[in-house]
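Me: I would like to go through this structure step by step. Could you help me read it?

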Amino acid sequence: MIVTTSELFRHAYGKYALGAYNINNLEQTVGLFRGNLGKVKSNDDPTNPAVSAPFIIQISRGARSYSDKRFLEAMIRTAEAVFPDAIFAVHLDHGTEETCYDAIDSGFYSSVMIDASHEPFEKNIEITRRVVDRAHAKGVVVEAELGQLGGVEEDVQGSVCLTDPGQAAEFIEKTGCDSLAVAIGTSHGAYKFTGTQGLRMDRLAEIQKAVPKNFPLVMHGSSSVPKEWVDRINAAGGKIKNASGVPEEQYLPAAKLGICKINIDTDGRLVWCATLREVFRDKPEDFDLRTSGKVFMANYAEYIAHKNKMLGSAGMLESVRALLTGRK
Ligand SMILES: [Zn+2]
């Protein structure tokens, strides 16, 4: 069942965060659905309510152009039929105005992100407001961004780029956006927190205080970059040095301060990379793409299930379903 992120946030606010996972291909899609339903080994395993979680599928512009955006839609619609127990939102990650309109008009996405955070404050408001008007007319919800995250190649970010609490309140009021991505020290990629930077929970608390009550906040660039997976990659011939991420132990404290959605992309790539490297290393005579594909789907499902536990969303699926179906 495809729902909006807002419906999921209402259940999660202050208690846990939804995992927002980026997908690009079939194996990620299957692994993601299995993981969120506690079906680690196969699609036919029974759904495990103790670990099942509602979730958010994120589609980036890069994913849409990797093959063709229509493949992603077809795969997700098929997954919905193969896994009828799943409850999830389909979200456009880091949209431009043009991509947002395409996603809104598709009738498939339930949520879009307009990222005009690189624009001056007033311009960001103006662009976000236009997208919100068009999205709300079609029942689609909007995530916007204020402040700037660090990127893979960027250096340590100064506090100037962190989201300003007063501006956040003004931005929400003027744009009518449904959730807000805030910059509180995270960065995209596998090399977060170089130098002395860390997650700024103090800033997050100030933002929560300034914005309307129960307003959902979003954390980007929040993969944990687990040492275990980086080590496995390097042990199988990879060269990833000094990678670091957001400690998983910080997910729940952040959720308590209003973070409802935590974006995880890099970790999925690490699981993919480690799996393929290990399979090709251990079975040099094997050239069947399904060998590594099967191992990846199981590894990814297991990783998603673990992540949901850390986010606090594991085991929440049935109470979300009760809330949604009771309301209709
Ligand atoms: Zn992001």
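Me: Are the residues of strand 4 buried or exposed on its two faces?
Reply: This is a predicted model, and in it both faces of strand 4 are covered. S111 and M113 lie on one side, V112 and I114 lie on the other, and all of them are buried.

Me: Why do the residues fall on two sides like that?
Reply: In a regular strand, side chains alternate between the two faces of the sheet.

Me: Which strands does strand 4 pair with?
Reply: Strand 3, residues 88–95, runs parallel to strand 4 and is joined to it by three bridges. Strand 5, residues 141–146, pairs with strand 4, residues 111–114, also in the parallel sense, over four bridges.

Me: What are the partners of I114 in those pairings?
Reply: I114 is the bridge partner of G95, and I114 also stands opposite A144 in strand 5.

Me: Which helix packs on the sheet there?
Reply: Helix 6, residues 121–136, packs on the sheet and touches both strand 4 and strand 5. The direction of helix 6 makes about 170 degrees with that of strand 5.

Me: And how do the strands go together overall? In what order?
Reply: Eight strands close into a barrel in the order 1-2-3-4-5-6-7-8, and the pairing is parallel. From one strand to the next, the twist averages 25 degrees.

Me: What holds paired strands together in general?
Reply: Strands of a sheet pair through backbone hydrogen bonds, and the pairing is either parallel or antiparallel.

Me: Where does strand 8 fit, and what are its pairings?
Reply: Strand 8 pairs with strand 1, residues 18–22, in the parallel sense over four bridges. Strand 8 also pairs with strand 7, residues 217–219, again in the parallel sense, over three bridges. On the strand 1 side, Y21 has I264 as its bridge partner; on the strand 7 side, L217 stands opposite I259.

Me: How many residues of strand 8 are buried?
Reply: Six of the six residues of strand 8, residues 259–264, are buried, so this strand is largely enclosed by the rest of the structure.

Me: Back to helix 6. How does it meet helix 7?
Reply: The axes of helix 6 and helix 7, residues 165–175, come within 9 Å and cross at roughly 35 degrees. The crossing is right-handed. F121, I125, T128, R129 and V132 of helix 6 meet Q167, F171, K174 and T175 of helix 7. By class, the residues of this contact divide into four nonpolar, three polar and two charged.

Me: What about helix 11 and helix 12? At what angle do they pack?
Reply: Helix 11, residues 266–282, and helix 12, residues 289–311, pack at an angle of about 145 degrees, with their axes 9 Å apart. Helix 11 passes helix 12 in a right-handed crossing. On helix 11 the contact residues include V271, W272 and L276, and on helix 12 they include V295, F296 and Y300. The contact has eight nonpolar, five polar and one charged residues.

Me: New topic: phi angles. What is the phi of H94, and where is that residue?
Reply: Phi of H94 is near 50 degrees, a positive value in a residue other than glycine. H94 is located in strand 3.

Me: Why does H94 count as it does, buried or exposed?
Reply: H94 counts as buried because it has 21 C-beta neighbours inside 10 Å, and the cut-off for a buried residue is 20 or more.

Me: And what is the phi of N242?
Reply: Phi of N242 is near 55 degrees, which is a positive value in a residue other than glycine. N242 is found in the loop between helix 9 and helix 10. With 8 C-beta neighbours inside 10 Å, N242 counts as exposed.

Me: S244 is in which loop, and how exposed is it?
Reply: S244 is in the loop between helix 9, 227–235, and helix 10, 251–256. S244 is partly exposed, with 15 other C-beta atoms within 10 Å.

Me: Last one: how many helices are there, and how compact is the whole protein?
Reply: The protein has 13 helices and eight strands. Its radius of gyration is 19 Å, close to the 20 Å that the globule rule gives for 328 residues, so the protein is as compact as a globular protein of that length. Of the 328 residues, 48% count as buried.

Terms used:
Residues numbered from 1 in each chain as written. Predicted model: local features only at pLDDT ≥ 70, side-chain atom pairs only at ≥ 80, totals over all residues. Axes fitted to C-alpha atoms, helices over the stretch in contact; angles between N-to-C directions. Left-handed = near helix turned anticlockwise from the far one by under 90°. Contact = placed C-beta atoms within 7 Å. Nonpolar A, V, L, I, M, F, W, Y, C, P; charged D, E, K, R; others polar. Pairing = 2+ DSSP bridges. Buried ≥ 20, exposed ≤ 12 C-beta atoms within 10 Å, placed from the backbone. Rg over C-alpha atoms; globule rule 2.2 N^0.38 Å.
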